[in-house]
Amino acid sequence: MISKDQGFDSQEDLRQAGVRLRIIYYVALVVFFVLAGRLWYLQVMNSESYLERAEQNRTRIIAIPARRGTIFDRKGRILVTSQPSYNIVVNRKDVRDFDEVAGLLADNLGIDSQWLARRFESAKFEPKYESIVIKELATPADVAWVEAHQYEFPMIRSEEAPRRSYPHGLMAAHALGYVGEVSRAELDDPKSPFSRDKGFKLGDIVGKAGIERTYNDALTGEDGERTVVVDSRGRIQREISVTPPVAGRDFYTTIDLDIQRLAEEQTDTMPSGRGVIVVSNPRNGEILALVSHPAFDPNLFSMRAKTEQGREEIRDLTEDPDKPLYNRVIQGSYPPGSTWKLLTSVAALNEGVITPENSRVQDGGIQLGNYFMNSLSNLGMPDVVTAIARSADGYYYRLGIKMGAERFEKWVKIFRFGERTGVDLPREVSGLMPIPAVKENITRNIMKRKKTDQGEEWTEKDEEAVRRAAKWTEYDMAASSFGQGTNASTPIQLLRYVGGLAVGGSNYTPHLLLRISSGLNRFGQFEPEIHYTDNNRFTVPMSPEIVQIVRKGMWEAVNGGGTANAAAVVGFDVCGKTGTAQVASNDKAGRKTQDHAWFMSFAPRDNPELAMVILTENAGFGGKQSAPRAQPIYEDYYRRTRNLPMPVVADANGTTASPGSPVRQ
Amino acid sequence: MIGINRRYATDFDWALLIAALMIAAFGVLEISSAEPAPGLWRRQVVGVAIGVVVLFVTTMFDYRRIVNLAPYFYGVSLTLLALVFTPLGREVNGNRNWLYLGAFRFQPSELAKICTILFLAWYLSGARKRPLDLRSTLILAVAWAVPTGLVFLENDTGSALSFGSFFAAMLLLSGIRWRWVLLALAGLATAIILAIPALKECKSYKCERIKAVYWPDLAEKRFRYQNEQAEIAVGSGGIFGKGLRGSTQGTLGFVPEVHNDFIFAVASEEWGFFGGILSLAAYLFIIFRLLMIARRSRERAGLFLVTGIAALMLYHVAVNVGMVVRLMPIMGIPLPLMSFGSTSVVATCFGLGLAISVRLRRFVN
């Protein structure tokens, strides 16, 4: 019941109520301005960053992987291809509770939770909307599980991921290389071909070695992407845009599978299990076969890198003392031994130290100071052709001394030893030249290391000591002239060298690119076919007379009772030069290690089609260990290209089989 | 009993009604835009229609007759609050504050707020002393504390605190001595400061919600999520917003309870700073209008009644918008007239109807 005096008791009462009501007015005003100020802060001052976050919230970019280009041999036979396969990926942004997802994946896809945690950790600094691969080569059952649970676990998806496949296994592994996920170090290094600023990101598949690495750009193609709108659970609502992937371009290598296969057979029988066979066309530098033995199976890296067993296999490869991952053709440097005598001969003839008819240089052992250099030959005073054919050591000791360091060095540089050939393979080494400056450098480095180990300062006095110790003596000159001393050359350098000798001085850069097919780039523009262009080609001055001497000497070495008669092929005029590189080290049992056996050659003599370098590591004499390995390769090539019948040999079971390649043209 | 005369149309507070209807219409539009479930906006239109009918019917009654019935309203609302704890009550989002009576379901706490205001106004209008003596103050406090406590037990903290808003305003109007006001404010400030260290340690979800706003580093990620997403929604709206149906934060489900407690997030995402300020201005207009009606009221019942309604409105706007823009912890407080929910709309309309009734009868006596 409302009391009788319904009005206010007094004017005073009303006034007081008015004052107090005003307080509520002010509170309302303050609330309004605080809220308005906050809206100003959020919507006017910072709207851009919130807008960006809202966009990231609602869109996801899903990669559509591009198919990597196929690699063919020169005749169009497949060497490397890509197979369809599936990856299971997780979109990290949609993972709210890691443990829940980890448990889910462990139970249903058999993914190790600890490994997953590491994987998440390493991807921490990557953009969040990129999904990360958690299982490769997913089985159909895995994919089915993921598809079936798309609504409950939208953050787990299956993605198509074409996988690199090398149907010939170990064959030409060092030329082809292998692929794998780009490493963090490469991403972070702006100088690497796969750095972040070149657009690469974690999880990208890139070439790790060989052609796969050198021509990664052309082979890779361009991943496409789907931009989709998702809801707060990551479920795809609709598609905003699709950029289709651009497949990588097809790549034709210069390799001839027939020759490659024969070369592989020859390296398989090398007694030390280590060696090199590399064959090219001397008239343009195209590499027809490239074997570095032992090899590895590139499939291991693309197919099994994520499995426990695969990781173990890779560990075994990297720890193998024979270094199967290492490409001996371009990364191994060895004393070239007597193969170098051609360089000395060409230099001496050009400089007029000797003449073709009369060299006036004695063969046989020589006393240099208090050191006697032995020679296995003693041919009196042979002409240069005989000296080459019979590999007269004593002749070259004296020829080198007669020519002198200065003129010798000039010719080493004309032949461009001591620098990379520029072959289109990654990580080529340059080797060392047998010249005074190199000897001094080596001596200084050794002395400096010794001093540093003892904690002493390097002084001007030490520099003098270096100069004294590294003095270029007649002994150095004699050793250098036949490929010993500080000489370290790679098989690829020798291949270019022998090719140059074969064709009369034109040195073509050895290479593996025949052509890259035309195709579209990522902007949809047409890209024409690419052929190899040789920017490093150079000519060693050789008069026709000198060319004839070289050919004759090398022909006689094979066909005229010289050191390399095991390489002879009737009718094909193989020319070659053996080399036996002394190795100044002992093996584990303390025995002196066997010498490296070289054989460099070309054929036929007058219009060379093939140049070849064979190195058998720690096997002994070049003429005995390497030259015979060239013979079946030349024989097969010769018969195949001349349409001659293949020789038929009976194997141990009495059945008959053709040696060499079963693939016949 | 029903006082309609020719002055009804001229004295009726059309401006207040129009402001309220504009807000409600904007709410319906944004509910249809967010649309977490199809057809929700139609249900809201029905709710608003009922609200308008309730508003007009209320204005036709002399508010003094309604105030005189306050003890009955109060009793009924307490009963309904208590019924929530019987099997008739339902729990929604962790709060047991729904009552299902056959096909009819509503939140008794929304009704209890208005009924408690009515009851307090009834009591204060009868209390002759100014300032109140201790006994009256205690009675008042108990009348306030009983429904508040029941709502607390329902776990609906936000609503329980809203009872404090109009209680404080009405107590202030009753002429409570300034020293008590200052003492209460000082006590409140001290209590908050003392509670902070314990709050930082506390792991209950209520503490986490507070930490998510004021100490986000200490809060668990999942509690920050709602705040962050609402903040992104508001911020990404920019000055002029993304336009009608342009919301992605709301419609794609990043902002929770988007049609309900977080409707202001979608509204500011779609209409930007512009839309946000206009809505706030409309609320400010209504509150000022209510306070003006209170000031012009010729007697105590009207003064207290309308002041209580204005304070409740202010509290709802401050807390709801405050939580959307991440100034306040998340509490289940709807935005009057705009949020989806018939109970809230009808209760608000009832309150506005009472206020208009007070205005209509300011000269009649």
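Trainee: What makes strand 18 and strand 21 of chain A a pair?
Mentor: They are joined by 2 bridges and run antiparallel. Two strands pair if DSSP finds at least two bridges between them, so the count of 2 qualifies. A strand here is a DSSP run of E with at least two residues; a helix is a run of H or I with at least four, and both are numbered from the N terminus. One position to look at: A:R515 stands opposite A:H531 in strand 21.

Trainee: Which model is this, and how are its parts numbered?
Mentor: It is a predicted model: local features need pLDDT of at least 70, side-chain atom pairs count only at pLDDT 80 or more, and totals for chains, interfaces and linings use all residues. Residues are numbered from 1 along each chain as its sequence is written, while chains are lettered from A and ligands numbered from 1 in the order in which they are written.

Trainee: How do you know that strand 12 of chain A pairs with strand 18?
Mentor: Count the bridges. Strand 12 (residues 251-253) and strand 18 (residues 513-516) of chain A share 3, and they run antiparallel. A:F251 has A:I516 as its bridge partner. A:Y252 has A:R515.

Trainee: What makes strand 7 and strand 21 of chain A edge strands?
Mentor: Each pairs on one side only. Strand 7 is 163-165 and strand 21 is 530-531. The open sheet has 6 strands in the order 7-3-2-12-18-21, with mixed pairing.

Trainee: Why is A:A144 called exposed?
Mentor: A:A144 has 12 other C-beta atoms within 10 Å. Exposed means 12 or fewer within 10 Å, buried 20 or more, partly exposed in between, with C-beta atoms placed from the backbone; so the count of 12 makes A:A144 exposed. A:A144 is in helix 5 (residues 140-148) of chain A. Its C-alpha atom is 9.0 Å from that of A:S158, 14 residues apart along the chain.

Trainee: Why are helix 6 and helix 13 of chain B called roughly antiparallel?
Mentor: Their axes come within 8 Å and cross at roughly 150°. Angles over 145 degrees count as roughly antiparallel, under 35 as roughly parallel, 65 to 115 as roughly perpendicular and the rest as oblique. Helices 6 and 13 of chain B are therefore roughly antiparallel. The contact residues include B:K113 and B:W122 of helix 6 and B:R300 and B:G308 of helix 13. By class, that contact has 11 nonpolar, 2 polar and 2 charged residues. Gly counts as polar, so B:G308 falls in the polar class.

Trainee: What makes helix 5 and helix 7 of chain B roughly parallel?
Mentor: The angle. Helix 5 (residues 70-83) and helix 7 (residues 134-153) of chain B have axes that come within 10 Å and cross at roughly 20°. That is under 35 degrees, so they are roughly parallel. Helix 5 gives B:S77, B:L78, B:L81 and B:A82; helix 7 gives B:V146, B:P147, B:L150 and B:V151. The classes are 7 nonpolar, 1 polar and no charged.

Trainee: How do you know that chain B touches chain A?
Mentor: Contact means C-beta atoms, placed from the backbone, within 7 Å. By that test 52 residues of chain B are in contact with 40 residues of chain A. Helix 12 of chain B supplies the largest share of its side, 12 residues. That side has 26 nonpolar, 17 polar and 9 charged residues.

Conventions: Axes are lines fitted to C-alpha atoms, for helices over the stretch in contact, and angles run from 0 to 180 degrees between N-to-C directions. Two residues are in contact if their C-beta atoms, placed from the backbone, lie within 7 Å.
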